[in-house]
Amino acid sequence: MIRNIVFDFGGVLVDWNPRYLYDPYFGDAERSRWFIDNICTGEWNATLDGGKPFDVGVEELTALHPEWADAIAAYRDRWIEMIGGEVPHTAALVRRLKSAGYGVYGLTNWSAETFPMVRDRYGIFDELQGIVVSGEEHLLKPDPRIYRVLLSRYGLEAGESLFLDDNEANVEGARAVGMASERFVSAEQAEQVLRGKYGLKF
């Protein structure tokens, strides 16, 4: 029986996308896409999510691509412009689950430096009964160890916990430690899965 629902953050609770910054920064969607695919890549961002200080990451990347120094620095200095607001209706889903007696928790790949910027901006994080942030743990999903940190820290049983993430690899990571897990597409889809497949009442 599922007693706890664990939510990813980026793409699930809040909308994060570097293009919200770089499309207007460059004034050219193609140039923005190329920059994110080739300079400030997802792989590079993952090192920040894993605990590398932003200043170190920016300095290292600038040394490799000095011609992009200003644009790379914007990734740190204007990071908050990558946030597009709450993902529609997920906050309401979290609150309804909590009101129905389910435990609600968060597990995210996020920089320890930038998470406080959204933590203080969106009240939904106050609803969660526990949060694990990769940048604080120096562990990244889908490493099994970070799921075990969550379970151990908050006294959760893997078999009673369900994880929602928009990344399939992270979904599989949760399943590997015995949690139920589903790929998040929208709050409406998640609600249908929680009610239909798992029989949750809320």
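This is a working chat about a predicted model.

Reader: Let's start with helix 6. Which of its residues are buried?
Author: Helix 6 spans residues 90-99. Its buried residues are Thr90, Ala91, Leu93, Val94 and Leu97.

Reader: How wide an arc do they cover around the axis?
Author: An arc of only 160°, which puts them on the same side of helix 6.

Reader: Why would residues three or four places apart point the same way?
Author: An α-helix has 3.6 residues a turn, so that spacing brings them round to the same direction.

Reader: What covers the buried residues of helix 6?
Author: The cover includes three strands and two helices. The strands are strand 1 (4-7), strand 3 (83-86) and strand 4 (103-108). The helices are helix 8 (124-127) and helix 12 (187-196).

Reader: And the backbone just after helix 6, which residue takes a positive phi?
Author: Gly101, with phi at about 100°. On the other side, His89 lies in the loop between strand 3 and helix 6. Phi of His89 is also positive, near 75°, and this residue is not a glycine.

Reader: Now helix 1. Which residues are buried there?
Author: Leu21, Tyr22 and Phe26, in a helix that runs over residues 19-26. They fall within an arc of 95° seen down the axis, so they line one face of helix 1.

Reader: What do they pack against?
Author: Helix 2 and helix 5.

Reader: What comes just after helix 1?
Author: Gly27, with a positive phi of about 65°.

Reader: Switching to aromatics. How many pairs does the structure hold?
Author: There are 18 aromatic pairs. One of them is Phe35 with Trp68: the ring centres are 5.4 Å apart and the planes are at 50°, so the pair is tilted.

Reader: Why tilted?
Author: The label depends on the angle between planes: under 30 degrees is stacked, over 60 is edge-to-face, and the rest is tilted. The planes of Phe35 and Trp68 are at 50°, so their pair falls in the tilted class.

Reader: Where do Phe35 and Trp68 sit in the chain?
Author: Phe35 is in helix 2 (residues 29-38). Trp68 is in the loop between helix 4 (54-64) and helix 5 (69-77). The two are 33 residues apart, and the pair links distant parts of the chain.

Reader: Phe35 and Trp68, buried or exposed?
Author: Phe35 is buried, at 0% relative accessibility. Trp68 is at 14% and also counts as buried, because the cut-off is under 20%.

Reader: Which residues do ring pairs link into a cluster?
Author: Tyr22, Tyr25, Phe26, Trp34, Phe35, Trp44, Phe54, Trp68 and Tyr75. Tyr22 and Phe26 are also among the buried residues of helix 1.

Reader: Pockets next. What volume does the largest have?
Author: About 550 Å³. Its lining has 26 residues.

Reader: Which of them lie nearest the centre?
Author: Trp16, Asn45, Asp49, Asn109 and Asn167.

Reader: Which helix gives the most to the lining?
Author: Helix 3 (residues 42-49), with four residues.

Reader: And what is the lining by class?
Author: Eleven residues are polar, ten are nonpolar and five are charged.

Reader: Where is the cis peptide bond?
Author: Between Lys141 and Pro142, with omega at about 10°. Pro142 lies in the loop between helix 9 (134-137) and helix 10 (144-153).

Reader: What else lies in the loop between helix 9 and helix 10?
Author: His138 does. Its phi is positive, about 60°, although His138 is not a glycine. At 53% relative accessibility, His138 counts as exposed.

Reader: What touches Pro142 from further along the sequence?
Author: Gly173 does, and Gly173 touches Tyr147 as well. Gly173 lies in helix 11 (residues 168-176). It is buried, with a relative accessible area of 5%.

Reader: Last one, Ser181. Where is it found?
Author: In strand 7 (residues 180-183). Ser181 is at 1% relative accessibility and counts as buried.

Reader: What is Ser181 in contact with, leaving aside neighbours within four places in sequence?
Author: Phe163, Val171, Ala174, Arg175 and Tyr198.

How values were computed:
Residues numbered from 1 in each chain as written. Predicted model: local features only at pLDDT ≥ 70, side-chain atom pairs only at ≥ 80, totals over all residues. Heavy atoms only, no water. Buried < 20%, exposed > 50% of the residue type's maximum accessible area, 1.4 Å probe, protein only. Arc of directions from axis to C-beta. Contact = heavy atoms within 4.5 Å. 1 Å grid on protein atoms, 1.4 Å probe; cavity = no way out; pocket = protein on both sides within 12 Å on 5 of 7 lines; lining within 4 Å. Points joined across faces, edges and corners; volume = space filled by probe spheres on them. Nonpolar A, V, L, I, M, F, W, Y, C, P; charged D, E, K, R; others polar. Phe/Tyr/Trp six-rings, centres within 6.5 Å; stacked < 30°, edge-to-face > 60°.
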